[in-house]
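Here's a quick walk through a model you may want to poke at yourself. Have the viewer open as you read.

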Amino acid sequence: MRQPSIRRGVRTRLVIFGILALLLILFSAFSAYLTPYDPYLQDLSQAKAPPSAEHLLGTDRYGRDMLSRVIVGSRTSIFSTLLLVAAVTVLGTAVGLCGGFFGGWADAVLMRVSDIFLAFPGLVFALAVAGALGGGLHNAILALAAVSWPKYARLARSQTLARREAPWMRAARLSGSGTAGLLLRHMLPNILGPILVTAVLDIGTMMMELAALSFLGLGARPPIAEWGSMMSDARSLMTTSPWITFSPGIAIFVSVMIFNLLGDAVRDYADPKNRGR
């Protein structure tokens, strides 16, 4: 009786956190229509106003409504993170799939390149790359992508090596499938599960790293509403107007928690021990 109850609990958690993550993404997609005020409208007469019935999260140093800025900042923060995770997943999977499938010198070259990127501490390397590129949100995404893809390449390669000589792959070769068909129709669907689980688990981490780069001035720049940049802009007001910093910080905390819980649920669901027959 215990095993079916465990499976039901795993499925329930997956549905709940999946719905929460979907609602968060939809909320960020339509954030421009949900703001009570113009998030970029400055009113110095309302500067640093504390939370009130008029401004639920107060205002910043320029009198801009913090609730509106947190809402509209969700689009930049969440969609930038999803774009980053998608980019590193596709790039890393392609590299690992090709290396593991072809082997030989191609595999050696690709893996040695990934070793070079893995030799540096991730966030430190991202700071260096973002600084060299000149900062900005797009360059921050490129910097984090440059240090994050080797993990997916290693995972895809190991999965490919484990299945390259499987009976169904031999049958696919004998059926006359070309290289592209073997890779895309036969190998890729069979290695995609662990990669997708890793990608979902990485969303929260990537969101915090992207916010960290923005906080340090190497990501999104004012006046763009982005949670990390908003926290950086208000850090000198922590003692006098803490709501300006806490508002985007709480938004990051809630979003990361939802995606982390979703990742845990996906991982548990993908575990063969927790799946029903």
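The notes below cover confidence, the annotated domain, a set of aromatic contacts and one backbone oddity.

First, the ground rules: this is a predicted model, with local features taken at pLDDT of at least 70 and side-chain atom pairs at pLDDT 80 or more, while totals for chains, interfaces and linings use all residues. Numbering starts from 1 along each chain as its sequence is written, and side-chain values use heavy atoms, with hydrogens and water left out.

The predictor's per-residue confidence, pLDDT, runs from 0 to 100. Its mean for the protein is 89, and 96% of the residues reach 70 or more. Among the elements (helices are DSSP runs of H or I with at least four residues, strands are E runs of at least two, numbered from the N terminus), helix 2 (residues 66-102) has the highest mean pLDDT, 93, and helix 6 (residues 167-174) the lowest, 84.

An unreviewed UniProt entry annotates residues 78-263 as "domain: ABC transmembrane type-1"; positions follow the numbering used here, feature names are shortened, and such annotations may be inferred rather than shown by experiment. That stretch is 82% helix and 0% strand, with its end C-alpha atoms 15 Å apart.

Now the rings. Rings of Phe, Tyr and Trp (its six-membered ring) pair if their centres lie within 6.5 Å; planes under 30 degrees apart are stacked, over 60 edge-to-face, and the rest tilted. That rule gives four aromatic pairs. Two of them share Phe117:

| Pair | Centre distance | Plane angle | Type |
|---|---|---|---|
| Phe117 and Phe125 | 5.9 Å | 45° | tilted |
| Phe117 and Trp149 | 5.4 Å | 65° | edge-to-face |

Phe117 lies in helix 3 (residues 104-118) and Trp149 in helix 5 (residues 137-163), so their pair ties together parts 32 residues apart in sequence. Ring pairs link Phe117, Phe120, Phe125 and Trp149 into a cluster.

How accessible are these rings' residues? Buried means under 20% relative accessible area, exposed over 50%, and partly exposed in between (1.4 Å probe, protein chains only). Trp149 is buried at 8%, Phe125 is buried at 19%, and Phe117 is partly exposed at 23%.

There's a charge over a ring, too: Arg235 lies over the face of Phe215, 5.2 Å from the ring centre. The criterion is NZ of Lys or CZ of Arg within 6 Å of the ring centre and within 35 degrees of the ring normal.

Finally, the backbone oddity. Most residues other than glycine have a negative phi. Lys48, not a glycine, has a positive phi of about 55°. Lys48 is in the loop between helix 1 (2-29) and helix 2, and is partly exposed at 39% relative accessibility.
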